[in-house]
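Open the model in your viewer and keep the selection panel at hand. We will go from stop to stop, and at each one you will hear what to select and what is there.

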Amino acid sequence: MKIVEENIGLLSNDEVLAVLKDREADKQPVISRAAPSEIQAYTALLQQSGGSFRDRQQLQTFIDCLKPFGLTHWETVHLINHRPASLVEVDLCIEDCETRFDDEQIEQLLTLVQEHLRNQPDSGEQAS
Amino acid sequence: MFILSQLEDNVRIAPQDLGKPAELAISAALEKAFLDRVVPNLGLVVTLHDILSIGDGCVYPSDGGAHYKVSFRVIVFRPFSGELLVGKVLKMTRDGVYVDLGFFQDILIAPGDMPEPSYWKEDDKAWLWRMEGQDLFFEQGMPLRVKVQSVDFNAVPTLSQQQEQADGGEAVVGSKSRPFVPMEVKGRADGDGLGMVHWYVADDEME
């Protein structure tokens, strides 16, 4: 066995969930053609991402909105995976957040996350 | 958390599967070999992404199966240093707190990487963080945030190493009391926002 290319690219949880769904990991273990470990991974990731995941289109609009901030690739993936709702959480996702961005920009970031990643059709309550 | 990797491997299709279309038989063989396994120095293979190319089938003397050289991509779980992970507390021992991600359970927060000052409470079998006079407990089964410090890959122990351990009186790697861990993630919970999630929710509500 040979590793041809170790890291072609980072994947966000949503993209992995989409691939697992293609492999029928969301169906019952008896009828699904996915392995039990894939079903386990699907359930665990789905729980972490709050019950639903976004498709490539929605993620792309979010990534385009983030362009003016100049974030690295893995910081964008962090934001998509964790959907921070407060300053403390944004600080965990992005390195040196306080020195690189001022308060207004961080507010903008939080609003963008809220708009693109948190507004799900079935969750009516907003995080205050 | 996840990366896409391209691998190349020789896959043997058993004679009874030669009637199936090549892609199906090869996918089945790849899934059996790679899913939920750790590739050394790469990570835990979660799922097969796609098959890029299948070489010509070769047949070897006295073997009824056909051998194909397959190039394919897999989704691998490989956290990078400094990455934020959210998981549940699996169990707590004197060695630290074990974090469970659902599909991966070998993340350990050593006592040195817990928020200062932290104490091990023997009666509750739990770790706690004493902050400003308040005792904040790590609770089993509850979500927590941890930052990755390092990812280590351990080589499969050889028989001679296991013999040495048995002779030396320590638990043998690969036995029930000391299971072999192919991929170990060391995490830290000493930082702003890290640790149990409910510690920070309570703070916001109080303010």
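The tour below starts with one whole chain, moves to the interface, and then visits single residues.

**Before you start**

This is a predicted model, in which local features need pLDDT of at least 70 and side-chain atom pairs count only at pLDDT 80 or more, while totals for chains, interfaces and linings use all residues. Residues are numbered from 1 along each chain as its sequence is written, chains are lettered from A and ligands numbered from 1 in the order in which they are written, and side-chain values use heavy atoms, with hydrogens and water left out.

**Stop 1: chain A**

Select chain A and colour it by secondary structure. You should find seven helices and one strand, in the order β-α-α-α-α-α-α-α from the N terminus on. Helices (H or I, at least four residues) and strands (E, at least two) are DSSP runs, numbered from the N terminus. The C-alpha trace of chain A spans about 50 × 45 × 25 Å along its principal axes. Of its 128 residues, 42% count as buried; buried means under 20% relative accessible area, exposed over 50%, and partly exposed in between (1.4 Å probe, protein chains only).

**Stop 2: the interface**

Now show chain B as well. Here 32 residues of chain A are in contact with 39 residues of chain B, where contact means heavy atoms within 4.5 Å. The two chains bury about 3,200 Å² between them, 62% of it on carbon and sulfur atoms. That buried area is the accessible area (1.4 Å probe) that two parts lose on being put together, summed over both.

How many salt bridges does the rule find across the interface of chain A and chain B? There are three, a salt bridge being a side-chain nitrogen of Lys or Arg within 4 Å of a carboxyl oxygen of Asp or Glu. To see a salt bridge between the chains, select A:Arg23 and B:Glu31, whose closest N and O atoms are 3.0 Å apart. The rule also finds 16 residue pairs in polar contact across this interface, both residues at pLDDT 80 or more. A polar contact is a pair of N or O atoms within 3.5 Å; within protein, one must be able to donate a hydrogen and the other to accept it, and residues adjacent in sequence count only if both atoms are side-chain atoms.

Which elements of chain A supply at least two residues each to the side that touches chain B? They are strand 1 (2–11), helix 1 (13–22), helix 2 (36–48), helix 4 (73–82) and helix 5 (87–93). Strand 1 gives the most, with 10 residues.

**Stop 3: a buried lysine**

Centre on B:Lys147, in strand 12 (residues 143–153) of chain B. B:Lys147 is buried yet has no salt bridge, and the nearest side chain of opposite charge, A:Glu95, is 6.4 Å away. Lys and Arg count as positive and Asp and Glu as negative; His and the chain ends are not counted. Look across to chain A: the backbone oxygen of A:Leu92 lies 3.2 Å from a polar atom of the B:Lys147 side chain. Leaving aside neighbours within four places in sequence, the contacts of B:Lys147 include B:Glu83, B:Lys186 and B:Leu194.

**Stop 4: salt bridges within a chain**

Stay with B:Lys186 and add B:Asp152: their side chains meet in a salt bridge (3.1 Å, N to O). B:Asp152 lies in strand 12 and B:Lys186 in strand 13 (residues 183–188) of chain B, so the pair ties together parts that are 34 residues apart in sequence.

Next, select A:Arg100 and A:Glu75, a salt bridge with its closest N and O atoms 3.0 Å apart. A:Arg100 lies in helix 6 (residues 97–100) and A:Glu75 in helix 4 of chain A, so this pair ties together parts that are 25 residues apart in sequence. Is each partner buried or exposed? A:Glu75 counts as buried at 1% relative accessibility, whereas A:Arg100 is partly exposed at 36%.

**Stop 5: backbone details in chain B**

Finish with the loops. The peptide bond from B:Glu116 to B:Pro117 is cis, with omega near -15°, and B:Pro117 sits in the loop between strand 8 (107–109) and strand 9 (118–121). B:Ser62 has a positive phi, near 55°; its place is the loop between strand 4 (58–59) and strand 5 (66–77), and at 86% relative accessibility B:Ser62 counts as exposed.
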